[in-house]
Amino acid sequence: MSKSAWKKVLGGAFVTAGLVAAGAFTAGAQEVQGGTLYGNMNTVSQDMMNRAESDGNNFLHTNGNYDQTRYYPARQINVNNVKNLRPAWIFQTEIVESLETTPIVVNGIMYITTSFNHVYALNARTGAQIWQYKHKMGPITTYCCGPNNRGVAAYGDKVFMGTLDAKLVALDAKTGKVVWEQQIADPELGYSETMAPTAVNGKILIGTNGGEYGIRGFVKAYNAEDGKLLWTFHTTAENSVGVWAEKDATGRNMLRDIAAEKAALKKLGDPYKTLGGGVWQNPAYDAETNRIFFVAGNPSPDLDGSIRPGDNLYTNSLISVDLDTGKYACHFQYIAHDVWDLDAVSPPILVDVADKNGKMVPGVLHGGKTGHVYIHNRDDCSLIRFSEAMVPQEDMWVLPTKDGARMLPGANGGVEWSPMTVDEGLGLVYAINLHQPMTYHVESSPYPEGKLWLGGAFKVIPTEEQWGNVTAVDYNTGKIRWQVKTQQPMIGGIMATAGGLVFTGEGSGMFKAYDSETGSVLWSFQAGAGVNAPPASYTVDGKQYIVVGAGGNVQLNYKRGNNIIAFALPD
Amino acid sequence: MKTVYLLRVLLIAIACAGWPVSARSEEPPRIPGAGEQPILPDEYASVSTELFGCFDCHGVSGESADPEFPILSGQHFYYLYVQLKDFKAGRRASEIMQPMVEELSKDQMKLIATYFSEQEWPNTGFKGDPAITAKGETATGAGQCVQCHRGGYDGDSRVPRLAGQQREYLFKTLMDFKNKVRMNSPSKSSLMNSFEEADIDAMAEYLADF
């Protein structure tokens, strides 16, 4: 039996047990109660975290589980009854601004975050507020693309959040009071935090934003108990030159001027200290090899390659390192010496995949801004295949020019930071995409010490149509199974469930459920503000909920709001 | 020391009188706030001379009523601090501002920036021409300006508030980016360089009216 098949069997068993166990606590529904399936109230054990993929009560990871499949095993809400789904409660935060949080649910308590680093603990049954934490922001923050936050990590008796002023904060999960706080990096130099941390084996893992500011990217591991730094892996190697790759992952020539780059290397030296390579989405964790897998973003400056010669390792790459030491294990670079900001952002997913001979092997999936899903061998990060393009590609790879060169996709993708989701039973990975035509402009300038450093400009072409899509890809063949076009470019995230559904939201405020096999829209709800956050699900007192943030998005300027909306079936 | 600053204030007044003006404004710039000087809180006593010097051009408490001088009241602390540092270092060239800041310490610059950041943003009452603001909205959309300046164009930390800023100042500083007169934000220069002057004019109209 394959790993995915075992997951199905185990998943169903745990869900059933979970629902029964949850039902026993109905009498105390309005109180903070202890003990559902796996542990005590407000305590998240490593065992719970490991079993999250089959836990139909909680939602313990930003992307559902350590494999980051965002596949939720409960099936109370399903293709047959989703048409009856309606809001169970709405919670309004204090902050009306871009909302990208994934709600984390632990034994009936939900933790959400907002822009500018507020954290709320809510009663997941009612939406009632339990506590609120407002981070005291330092006077210096440096970030592009919104004051976002994508949520907490819950672990032990704490919740953890990265902040815009580049701190990692540990809060008491019961009270919201600060337990410890660590400065991760210097915000004056362009570092900031928007990603949700990942908690595993006593460690809190977090990367950094800053690819538009000449930072040196990293992933760091901190001790969950006291915040002590355990290791740092820099995403820009001290020898970042690489192999002078002329083709991208799909075999297309990137038109690099290798001779000019080699001359620049002699003159300027290795650019690794300001080379970017931000990591701002969660790593996946593979317990069998004790390795984590994450993606590193664009090189700095984004559009000007003339002052950063070489492949710019390990920017635009899938990277794997050892969890205990942070030691490099393997990498695969999608676009060497990128000058389009078509980088690697969407979090990797671990699933078994068919290799080139049809044999099932441990794999890794990543959705690229290029519009391809890349399918890798987990052992050595090598590429097995890439999917059909999910969005139009034109003139790849025309080089940026002073007056602007048009190329598709635009710099936001394809797949932006939005996490994908997988239904292993169907062998499908689901992605949301943007089609946003842009021109790419290059203009060289020296490192401006913490200021925006794009090396040019990206411009949306206002006369061209923009749209998005939801796409299901067979990751064992790379073929698109189904695709649904949306009115606006898509950003936020997506979640599949055992009920045969896929949930995702749009900038227009529409939140929709699709049939995961066919792409048919089975249900929709107008949330009143952009639904640009990844959905989550949980079960309390025997009732399954779907929950999502509706607060719009800075990057695409979708209508702002401040709502967390939980949906359930009528009693 | 005080004499030095009084001389400097005089220099500013002279410099302001000679400030290059566009065809839209042929009258000498109004110096807002004369005779209405506020009482500064004690914590700003060490920079009171400098602040009153600022008020001469930027209005009482930084609430500039002159279209060519930027509003400072309610602007973000870190943006103001960086600009003062950039004037001093010559990264942002200005015959007026460089002499103003050349002897300021970092602590003094921080205090001045703090003062202005704690004031209220004024309402200029500017009303744009709908046809021009529509053009400006399209241009700012193409430039993805909201990605840094946020949807309300109210900025944060090192990114300045643009909404409701003085229209002539916006136009001038955006053109200065385009023409490489203002050199302390290279990415802004690249972006403005990709726009025609008419688009930049429309952006200024749109943002001043936002």
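Contact, as the word is used here, means heavy atoms within 4.5 Å. The structure is a predicted model, in which local features need pLDDT of at least 70 and side-chain atom pairs count only at pLDDT 80 or more, whereas totals for chains, interfaces and linings use all residues. Residues are numbered from 1 along each chain as its sequence is written, chains are lettered from A and ligands numbered from 1 in the order in which they are written, and side-chain values use heavy atoms, with hydrogens and water left out.

A good place to start is a single serine of chain B. B:S94 sits in the loop between helix 3 (77-89) and helix 4 (97-101) of that chain; helices (H or I, at least four residues) and strands (E, at least two) are DSSP runs, numbered from the N terminus. Leaving aside residues up to four places away in sequence, B:S94 touches B:F87 and B:P99. The side chain of B:S94 also reaches the backbone nitrogen of B:M97 at 3.0 Å. B:S94 counts as buried because its relative accessibility is 15%, where buried means under 20% relative accessible area, exposed over 50% and partly exposed in between (1.4 Å probe, protein chains only).

On a wider view, chain B is divided into domain 1 (46-117) and domain 2 (130-208), with bounds that come from an automatic or database domain assignment. Their contact takes 16 residues from domain 1 of chain B and 18 residues from domain 2 of chain B. The C-alpha centres of the two domains lie 21 Å apart. The size of an interface is often given as the accessible area lost when the parts come together. Domain 1 and domain 2 of chain B bury about 1,500 Å² between them, 48% of it on carbon and sulfur atoms; buried area is the accessible area (1.4 Å probe) that two parts lose on being put together, summed over both. On the side of domain 1 of chain B that touches domain 2 of chain B, there are seven nonpolar, four polar and five charged residues. For these classes, Ala, Val, Leu, Ile, Met, Phe, Trp, Tyr, Cys and Pro count as nonpolar, Asp, Glu, Lys and Arg as charged, and the others, Gly among them, as polar.

Which kinds of polar pairing are found across this domain interface? The rule finds 14 residue pairs in polar contact there, both at pLDDT 80 or more. A polar contact is a pair of N or O atoms within 3.5 Å; within protein, one must be able to donate a hydrogen and the other to accept it, and residues adjacent in sequence count only if both atoms are side-chain atoms. Salt bridges number zero across the interface of domain 1 and domain 2 of chain B, a salt bridge being a side-chain nitrogen of Lys or Arg within 4 Å of a carboxyl oxygen of Asp or Glu.

The next interface joins the two chains. Here 27 residues of chain B are in contact with 36 residues of chain A, and the chains bury about 2,500 Å² between them, 48% of it on carbon and sulfur atoms. Four salt bridges are counted between chain B and chain A; in one salt bridge, the side chains of A:K451 and B:D86 meet at 2.4 Å, N to O. Across the interface of chain B and chain A, 20 residue pairs are in polar contact (both at pLDDT 80 or more). Helix 9 of chain B gives the largest share of the side of chain B that touches chain A, six residues.

Helix 9 (residues 186-193) of chain B is largely enclosed by the rest of the structure, because six of its eight residues are buried. The buried residues are B:P186, B:S187, B:S189, B:S190, B:L191 and B:M192. Their cover includes strand 27 (456-460) of chain A together with helix 8 (167-178) and helix 10 (197-208) of chain B.

Chain A has its own loops to explore. A:T194, in the loop between strand 10 (178-183) and strand 11 (198-200) of chain A, counts as buried at 3% relative accessibility. The side chain of A:T194 makes polar contacts with the side chains of A:R150 (2.7 Å) and A:N209 (3.1 Å).

Some backbone details complete the picture. The peptide bond from A:M396 to A:W397 is cis, with omega near 5 degrees. A:D395, in the loop between strand 22 and strand 23 of chain A, has a positive phi of about 60 degrees although it is not a glycine.
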